[in-house]
Amino acid sequence: MEGCCTVAISLELRCLFPRLLELSPTEVVAIWDAVSAYILGQLQLDKGVLLPGLGTFAMVHEQFHGEDEVYVVRRPVFRLEMDNSLLQELVFPTVVIPGDVQISPLNYKWLSRATSFPPHVLEDCVQETILLYSFQLRNRQRLAFSFKDIGVLSCKDDVLCMRFYYDCVTGLESKASRIALLHTCAPATSRQFQQDEGGRQAGASSSSQACRCTPIL
């Protein structure tokens, strides 16, 4: 299905993914779409969101000097916070998030209202999906991890970074959007990402923009 790819796991690892094995691919995508909506909402409020085992989304305010004036630009950033043992062969950008940015974990009560799933089911799904994605990186499977209306965590030429969508960057910074785009890691439209990555996603369909991993036995 679009937006999701299935990943085979061995029987001995089945115990690590009980919730993902219980949920359907459609349900996993719906949960992560809600996660993305929550993150985007927090970014619009200049707040950050922590996804343990994966990284932190945040908004930064930066000054850029033009010929006649100084521009204060808001732009989204993503700081990768995965186990270094998973990233030994990969390069990733160093992202500094100012200490005054309010960063909080996902609000599972909000997500529960948005999806009708109990909070503990949502938390299990998020944690197990991140763990499964980590396993794929460790096994040199360079799958892309999509966040609806935000961007894609993708690996190209051994560089792992969040490519924020053009519409996300310009939506969060409407006044100085061109400057924000120039200083954001490889901004792309969904269509551009599909053209760049669609043929190289292990296990993903050619019509998929990116994936949210779900396991199969």
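Residues are called buried when their relative accessible area is under 20%, exposed when it is over 50%, and partly exposed in between. With these classes in hand, the structure, which is a predicted model, can be described from its overall make-up down to single side chains.

The protein contains seven helices and nine strands. Of its 217 residues, 49% fall into the buried class. The accessible surface amounts to about 11,000 Å², and carbon and sulfur atoms contribute 49% of that area. The contacts reach far along the chain: when residues at least 6 apart in sequence are considered, 63% of their contacts join residues at least 24 apart.

A convenient place to begin is the sheet built from β6, β7 and β8. These three strands form an open sheet in the order β6-β7-β8, with antiparallel pairing. Strands β6 (145–147) and β8 (159–164) stand at the edges with a single partner strand each, so one side of each has no neighbour in the sheet. On average, and with direction ignored, neighbouring strands here are turned by 25° against each other. Strand β7, which covers residues 151–156, is joined to β8 by six bridges, and the two run antiparallel. Within this pairing, Cys155 has Leu160 of β8 as its bridge partner.

The loop between β6 and β7 holds Asp149. The phi angle of Asp149 is near 65°, a positive value in a residue other than glycine. Asp149 has a relative accessible area of 49%, and therefore counts as partly exposed, since the exposed class takes only values over 50%. A second residue with a positive phi is Ser116, where the angle is about 75° although the residue is not a glycine. Ser116 sits in the loop between α3 (108–115) and α4. Its relative accessibility is 68%, so Ser116 counts as exposed.

Attention now turns to charged side chains. Side chains of opposite charge can pair when their charged atoms come close. The model has five salt bridges. One of them joins the side chains of Arg142 and Asp158, with an N to O distance of 4.0 Å. This pair links distant parts of the chain, as Arg142 belongs to the loop between α4 (119–138) and β6 while Asp158 belongs to the loop between β7 and β8, 16 residues apart. Arg142 is partly exposed at 23% relative accessibility, and Asp158 is partly exposed at 39%.

Another salt bridge brings together the side chains of Asp46 and Arg74, at 2.7 Å from N to O. Here too the pair links distant parts of the chain: Asp46 lies in the loop between α2 (25–44) and β2 (48–51), Arg74 lies in strand β4, and the two are 28 residues apart. The side chains of Arg74 and Asp46 also make a polar contact, at 2.7 Å. Asp46 has a relative accessibility of 30% and is partly exposed, whereas Arg74 is buried, with a value of 18%.

A salt bridge within a helix is found in α1. The side chains of Glu22 and Arg19 meet there at 2.9 Å, N to O. The two residues are three apart in helix α1 (residues 18–22), so about one helical turn separates them. Glu22 is exposed, with a relative accessible area of 53%, while Arg19 is buried at 15%. Both residues also take part in a wider arrangement, a network of salt bridges that links Arg19, Glu22 and Asp124.

The last site to be described is Glu81, in the loop between β4 (70–80) and β5 (103–105). Glu81 is partly exposed, at 29% relative accessibility. Apart from neighbours within four places in sequence, Glu81 is in contact with Leu50, Gly53, Leu54, Gly55 and Thr56. With one of these residues, Thr56, Glu81 shares a side-chain polar contact of 3.0 Å. Glu81 and Leu51 are 30 residues apart in sequence, and their C-alpha atoms are 8.7 Å apart in space.

Key:
Residues are numbered from 1 along each chain as its sequence is written. This is a predicted model: local features need pLDDT of at least 70, side-chain atom pairs count only at pLDDT 80 or more; totals for chains, interfaces and linings use all residues. Side-chain values use heavy atoms; hydrogens and water are left out. Two strands pair if DSSP finds at least two bridges between them. Helices (H or I, at least four residues) and strands (E, at least two) are DSSP runs, numbered from the N terminus. Axes are lines fitted to C-alpha atoms, for helices over the stretch in contact, and angles run from 0 to 180 degrees between N-to-C directions. Buried means under 20% relative accessible area, exposed over 50%, partly exposed in between (1.4 Å probe, protein chains only). Contact means heavy atoms within 4.5 Å. A polar contact is a pair of N or O atoms within 3.5 Å; within protein, one must be able to donate a hydrogen and the other to accept it, and residues adjacent in sequence count only if both atoms are side-chain atoms. Accessible areas come from the Shrake-Rupley method with a 1.4 Å probe; for residues, only the protein chains shown count as cover.
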